[in-house]
Amino acid sequence: MDYEVKLEVFQGPLDLLLYLIRKNEIDIADIPIALITRQYLEHLEMMKSLNLDLAGEYLVLAATLIHIKSRMLLPEENEGEAVEGEGEDPRQELVAQLREYQAFKEAALALERRPLLERDVFKRGARIEDAVAAGGAVEEEEMEMDLFDLVAAFQRLLARLGPSGPMTVNRELLSLKRCMETIMDNLRQRGGMAFDDLFPDGRDRRKVIYTFLALLELVKMGAVKAFQTTPFGPIRVVLSGGADHG
Amino acid sequence: MDEIRAIVEAVLFAADLPVAPERLVELLKERGVDRQGIVAVLEDLREEYAQRRGGMEIRRVAGGYQFCTRPDLAAWIRRYRAGRPPALSAAALETLAVVAYRQPVTKAEIDAVRGVDAGGVLKGLLERKLIRIVGRKEVPGRPILYGTTKRFLEVFHLKDLSELPTLEEMRALRPEGEPGGGTAP
């Protein structure tokens with residue numbers, strides 16, 4: 001069965017955990033650790049399947065969750081022994097950490113809601129330094145695609161190709177360089193192209209994959225730019241830098 | 001006193017950073033106005049602009065006074081400038097919040113709160129002069145300590161750091177409330 005997976009952008013493992021808690025409408029003080037651990041690991045799987053570079057921090061928290069889960073499965077039988085910390089809820093430390101992070105997340109939102117200079121209030125004249133600061137920020141604001149978005153788009157494209165048929169191995173000489181040249185040629189002729197149009201027709205996965213790798217390489221080189229004009233809108237790819245009329 | 005008032009207004013207009021009352025006291029030394037007198041003039045001016053309901057107002061920010069446009073006119077200025085407003089990413093805001101509340105604070109402490117590495121974000125905030133290096137912590141490795149700048153107060157419309165809501169206040173504002181004794185209306 002097909003189901004659509006919506007990936008949020010998380011600021012880190014704690015953010016992901018808070019998201020799951022919110023999504024499940026769970027009391028932060030009483031986290032059903034088995035459920036949350038499962039969902040957390042599912043999210044990591046998903047991120048891994050997108051080939052996202054999973055930061056080590058995500059794995060550390062996964063280990064912590066599993067550790068807590070295993071501790072909660074153990075019966076509490078050492079009532080007589082006064083083992084330090086043994087009587088505590090194994091979730092305690094994590095809950096404290098989550099609470100603290102949540103407080104700062106809210107503090108961040110509160111800051112963002114203040115009347116900001118150069119957004120809500122303006123002082124006399126724009127000084128060069130402000131213009132530079134604003135310029136730096138524009139880059140963040142512009143809906144340029146990062147690797148994450150491109151990979152997600154690529155996944156959709158692959159899904160549309162359907163299951164791959166039986167694989168026959170033949171020595172066709174596909175080269176990344178040639179694919180890059182093809183993209184550049186197409187772009188030079190047409191100025192800009194929709195992401196989907198970059199890919200050759202047909203069900204040849206290898207060609208699609210090569211083209212995608214070529215695109216990533218070109219983006220990395222700064223030769224082309226991928227961007228959206230609206231969130232979830234179609235991705236456009238253009239030559240960067242030059243008004244290259246061909 | 002009228003002249004003093006005019007001078008103060010002129011300085012506020014010409015200044016590119018918030019003007020501290022102390023600077024004005026020093027400037028107007030030979031006129032023999034004390035701090036209290038200057039603040040009275042500043043407040044009077046502020047009131048005048050507020051009542052006028054014109055395009056500008058005087059705001060109290062970063063320990064001083066500053067002319068700025070009225071917040072409800074922001075859309076017009078933005079349209080006039082035809083640029084996008086500077087935006088801070090969620091990561092930058094979170095990091096900034098940790099620095100603001102915990103300062104002086106080391107990178108390791110920030111990382112611990114957010115659960116991720118804040119290196120790149122800190123660099124960006126330093127470049128934008130919202131935070132600065134305030135010293136080194138006297139522990140092994142002598143890690144760098146970060147704090148917020150005057151620029152931070154100016155950008156976020158804060159008189160001083162004490163104007164930041166306390167983290168407890170914010171927790172109280174949270175709709176779910178604490179499971180224990182939350183008395184949310």
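Which pattern does chain A follow when read along the sequence? Chain A runs α-α-α-α-α-α-α-β-α-β-β, with helices (H or I, at least four residues) and strands (E, at least two) taken as DSSP runs and numbered from the N terminus. That gives 8 helices and 3 strands in chain A.

Before we go on, a word on the ground rules. This is a predicted model in which local features need pLDDT of at least 70 and side-chain atom pairs count only at pLDDT 80 or more, while totals for chains, interfaces and linings use all residues. Residues are numbered from 1 along each chain as its sequence is written, chains are lettered from A and ligands numbered from 1 in the order in which they are written, and side-chain values use heavy atoms, with hydrogens and water left out.

## Chain A as a whole

Chain A has 246 residues, and 37% of them count as buried. Here buried means under 20% relative accessible area, exposed means over 50%, and partly exposed lies in between (1.4 Å probe, protein chains only). The chain exposes about 15200 Å², of which carbon and sulfur atoms supply 53%; accessible areas come from the Shrake-Rupley method with a 1.4 Å probe, and for residues only the protein chains shown count as cover. Contacts (heavy atoms within 4.5 Å) can also be sorted by sequence separation: among those in chain A between residues at least 6 apart, 64% join residues at least 24 apart.

On the surface, L176(A), I209(A) and L213(A) make a nonpolar patch of about 210 Å². Patches are made of residues with over 30% relative accessible area and no salt bridge, joining like charges within 9 Å and nonpolar side chains (Val, Leu, Ile, Met, Phe, Trp, Tyr) within 5 Å. L176(A) belongs to helix α7 (residues 176-190) of chain A and is partly exposed, at a relative accessible area of 31%.

## Salt bridges within and between chains

Side chains of opposite charge can pair when their charged atoms come close. Over all chains there are 27 salt bridges, each a side-chain nitrogen of Lys or Arg within 4 Å of a carboxyl oxygen of Asp or Glu. Three of them are worth a visit in your viewer:

| Salt bridge | N to O distance |
|---|---|
| K105(A) and D15(A) | 2.9 Å |
| K105(A) and E94(B) | 3.7 Å |
| E154(B) and K123(A) | 2.7 Å |

Let us start with K105(A) and D15(A), whose side chains meet in a salt bridge. K105(A) lies in helix α4 (residues 92-113) of chain A and D15(A) in helix α1 of chain A, so the pair ties together parts that are 90 residues apart in sequence. K105(A) is partly exposed at 23% relative accessibility, whereas D15(A) is buried at 7%.

K105(A) also meets E94(B) in a salt bridge. Because K105(A) sits in helix α4 of chain A and E94(B) in helix α5 of chain B, this pair joins two chains. E94(B) is buried, at 3% relative accessibility. With R114(B) added, D15(A), K105(A) and E94(B) are linked in a network of salt bridges.

The salt bridge of E154(B) with K123(A) crosses between chains too, from helix α8 of chain B to the loop between α4 and α5 (128-141) of chain A. Both E154(B) and K123(A) are buried.

## Aromatic pairs and cysteines

How many aromatic pairs does the structure hold over all chains? There are 5, counting rings of Phe, Tyr and Trp (its six-membered ring) with centres within 6.5 Å; planes under 30 degrees apart are stacked, over 60 edge-to-face and the rest tilted. One of them joins Y49(B) and F67(B): the ring centres are 5.0 Å apart and the planes at 80°, so the pair is edge-to-face. Y49(B) in helix α3 (residues 35-52) and F67(B) in strand β2 (residues 64-69) of chain B are 18 residues apart, and the pair links distant parts of the chain. Both residues, Y49(B) and F67(B), are buried.

Disulfides (cysteine sulfur atoms within 2.5 Å) number 0 over all chains. C179(A) is buried at a relative accessible area of 11%, and C68(B) is buried at 2%.

## Backbone details

A cis peptide bond joins Q103(B) and P104(B), with omega about -5°. P104(B) is in the loop between α5 (90-102) and β3 (105-106) of chain B.

E25(A), a residue other than glycine, has a positive phi near 50°. E25(A) is in the loop between α1 (13-23) and α2 (33-49) of chain A and is exposed, at 74% relative accessibility.
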